[in-house]
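Colleague: Could you walk me through how the labels in this model were reached? I would like to see the reasoning behind each one.

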Amino acid sequence: METGDTAELQGFLKVLPPVDFCCVYGSALHPNNREKSTMVDYILGVSNPEQWHSQNLKMNKNHYASWMAHLGGAKLITEIADEIGVGVHFNPFVTWNDKMFKYGVVRMHDLVQDVLNWERFYLSGRLQKPVQILVDNLDIENVNSANLRAAISAALLLLPPKFTEEDLYAKICSLSYMGDLRMLFAEDRNKVKKIVQGQFDLFQLKYKPFLEEYEAKEFLRLASTGSHQKNISQDCGLSVAHSLVNSLPPMVRSQMGMKLGEKKKLTESGRIISEVLIGSREEAAKCMQKVLRRTVMVSSTRQAVSGLLTVGAVTAVRYLSNKMCRAWKSWR
């Protein structure tokens, strides 16, 4: 993004209490996006959400649903996010400096756990796509490397022997939408394609180190096409499939192990780990897909219910209407 845009994005943070992590995601990062009405999306990581919301209610009470601000307060906001949702509270339709903002507040511990383990596969999915990090006091960008490696491994398991670079990024992008109920009626059917094509250069920059790593391990072969993207062929053997599964987060491997079986293995460093028993690459891919689809379905449903409760009926209807209008246009 341009320097002026970055300064404006950082400027919004000045009206909020301090945060440990902040990134912007979504259409605001699209190089050709100049639509003033587009909502700018933030993820804010804080050490203590209840304390943060308490401070923010004093500074920006109008950011919250009126009933929540007056009757519930910070404690109820946090409890609904944790017990009903997936640990994230969103404030949408916040107007500042002639722009519209939406920000989600999450506990730093929960953010790290989701990035490393895909426990909810919610914010980890957001961070697999291009984001612009504005605040990173705990080096989440470095922690997120494990998330990106897992994402590319999961995508490769689901892809055929030959595909394009755009196919790869589209598959990565689609991982966190598998099982998301909103995709049935409230999301643009071309959403994944638009995200990848609109931010292709950012995807390339994000995943280049991991493509090079897997090429060096001879999992992949990259061939230039003369255009801006590469053609990719991959080794679909069982040995590589084992390596890709071993790169998935512990929670995913554990659930796959419960379905397919597992064995104990001694690593070179002397640690004993559980390895998923794989009969074939196809079996591993299908099992992983089921695990991810169920995780996303549960998380997206919980977050939808949490959002309905916390933002209020009017705001919820407004937000859903905007989503459904774009979805219906894409189906015409």
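Colleague: Why is G125 called buried?

Modeller: In this predicted model, G125 has a relative accessibility of 1%. Buried means under 20%, so G125 counts as buried. Its place is in helix α5.

Colleague: What does helix α5 (123–126) help to cover?

Modeller: The buried residues of α4; what covers them includes α5, along with β1, β2, β4, α6 and α12. Those buried residues of α4 are M108, L111, D114, V115 and N117. One of them, V115, is ten residues from G125 in sequence, with 8.2 Å between their C-alpha atoms.

Colleague: Thanks! Now the rings: why is the pair F12 and Y103 called tilted?

Modeller: Ring centres must lie within 6.5 Å to pair, and these two are 6.0 Å apart. Planes under 30 degrees apart would be stacked and over 60 edge-to-face; here the angle is 55°, so the pair is tilted. F12 is in helix α1 and Y103 in strand β4, 91 residues apart, so the pair links distant parts of the chain.

Colleague: Are F12 and Y103 buried or exposed?

Modeller: F12 has 0% relative accessibility, so F12 counts as buried. Y103, also at 0%, is buried too. Both belong to one aromatic cluster with Y42, W52, W96 and F101.

Colleague: And what makes R126 count as lying over the face of Y122?

Modeller: The distance cut-off is 6 Å from the ring centre, and R126 is at 4.8 Å. The charged end of K102 sits over the ring of F90, 5.1 Å from its centre.

Conventions: Residues numbered from 1 in each chain as written. Predicted model: local features only at pLDDT ≥ 70, side-chain atom pairs only at ≥ 80, totals over all residues. Heavy atoms only, no water. Buried < 20%, exposed > 50% of the residue type's maximum accessible area, 1.4 Å probe, protein only. Helix = DSSP H or I, 4+ residues; strand = E, 2+ residues; numbered from the N terminus. Contact = heavy atoms within 4.5 Å. Lys NZ or Arg CZ within 6 Å of the ring centre and 35° of its normal.
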